[in-house]
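Please look over the sequence and the 3D structure below. A short report on the fold, one helix and one helix pair follows.

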Amino acid sequence: MAKATAAAAGPGRAGARARGAVVRNSLGAMLDALTVAVGVAALALVAWCGFAAYRDQPTKDWHFIGMAVVSVLALAQLVVGIVQLARGERAHDGTTTFVVYLIGAFLSVPAAAFLSLTERTRWGSATVAAGAVVLAVLEVRLYDIWGG
Amino acid sequence: MTEPVTAGTKAAERSGAAGKSERPGRTRLVAGPGLLLVWLYSVMSVGAVSRSVYEIVVRFDTAPLAHSLSAVAAVVYAFITYTLVRGGETARRAALVCCAAELAGVLIVGTWTVLEPSAFPDSTVWSAYGMGYVFIPVLLPVTGMLWLRRSRGTGPAEA
């Protein structure tokens, strides 16, 4: 649709518009891909830390590396989401809701990680697993909030 | 009680100040399973508070009853989180009472939304027993009360 209107606007602007549409589409695809990636990574973290809790183990260095990876993905999602809004794209369920969910998604795993540092038992691992469940749920909601 | 209490959430940060003035022996409620509990309560607090602020600011008129009930839920969650983080016997009792109130609220509002959906053009946190929140609202107060009853009497004598 963007291409059709661009073509009507004349050959000179058509190229620029089309390029804009390509960038917009690839960023949009990136946001969707990040949403799925963060969701899958969060579920993996649930399984991993849930297993540690089941084995009666606290969170260890490797778990924290995993949490860092998930947090970096969520941060990338936050940045891409805000860039999309800045480019004039609109979230289906409203900008405020979208931004609040993005921030919540970014904070959920680091907050649980800090809590697990204070509780060096299986319950620290269980808390991180619960934080990752929250993140996975937020990703499902984010997918709906963005796409409708 | 030299270990740091918690960090990371807003409610937990407040406890940093409370933790310093903590008398030795105050029942620590954020330990073991209590940490998981306080984490779930803080998540529910953040969720319910942000949700009800948004609802009240943006579209209160569309469903005043539902949005007021969401605000009540938000206050209850925030208060329970605070008492759990603070610790101590008084806080434990207060949290116990609030968990019972929360359970009653979930059951009453849940039943109400099921019996008379027309009264709720928009859903609340506690609609259909908290189905929108994976039934955590109905499970949380039960586990909360079990935990709070169990941690009774681990005060000065044992600490």
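## Contacts and fold of chain A

In this predicted model, 80% of the contacts in chain A with a separation of 6 or more join residues 24 or more positions apart. Chain A holds 5 helices and 0 strands. From the N terminus, its order of elements is α-α-α-α-α. Of the 148 residues in chain A, 42% are buried.

## Helix α4 of chain A

Helix α4 of chain A covers residues 95-118. At 1.5 Å a residue, its 24 residues should span 34 Å, and the end C-alpha atoms lie 35 Å apart, so the two values agree. α4(A) also bends, by about 30 degrees, at A:Leu107. A proline, A:Pro110, follows within four residues.

Many positions can be checked for burial. The buried residues of α4(A) include A:Thr97, A:Phe98, A:Leu102 and A:Ala105. Beyond the bend at A:Leu107, A:Ser108, A:Val109, A:Ala111, A:Ala112 and A:Ala113 are among the buried residues. A:Leu115, A:Ser116 and A:Thr118 are buried too.

## Packing of α5(A) on α2(B)

How do the axes of α5(A) and α2(B) cross, and at what angle? Helix α5 of chain A (residues 122-147) and helix α2 of chain B (residues 33-59) have axes that come within 8 Å and cross at roughly 20 degrees. The angle is under 35 degrees, which means that α5(A) is roughly parallel to α2(B). The crossing is right-handed.

On the α5(A) side, the residues that meet α2(B) are A:Trp123, A:Gly124, A:Ala126, A:Thr127, A:Ala130, A:Gly131 and A:Val134. Their partners in α2(B) are B:Pro33, B:Leu35, B:Leu36, B:Trp39, B:Leu40 and B:Val43.

Technical notes
Residues are numbered from 1 along each chain as its sequence is written. Chains are lettered from A and ligands numbered from 1 in the order in which they are written. This is a predicted model: local features need pLDDT of at least 70, side-chain atom pairs count only at pLDDT 80 or more; totals for chains, interfaces and linings use all residues. Side-chain values use heavy atoms; hydrogens and water are left out. Helices (H or I, at least four residues) and strands (E, at least two) are DSSP runs, numbered from the N terminus. The expected span of a helix is 1.5 Å times one less than its number of residues. The bend at a residue is the angle between axes fitted to the seven residues ending there and the seven starting there. Buried means under 20% relative accessible area, exposed over 50%, partly exposed in between (1.4 Å probe, protein chains only). Axes are lines fitted to C-alpha atoms, for helices over the stretch in contact, and angles run from 0 to 180 degrees between N-to-C directions. Angles under 35 degrees count as roughly parallel, over 145 as roughly antiparallel, 65 to 115 as roughly perpendicular and the rest as oblique. A crossing is left-handed if the near helix is turned anticlockwise from the far one by less than a right angle, and right-handed if clockwise. Contact means heavy atoms within 4.5 Å.
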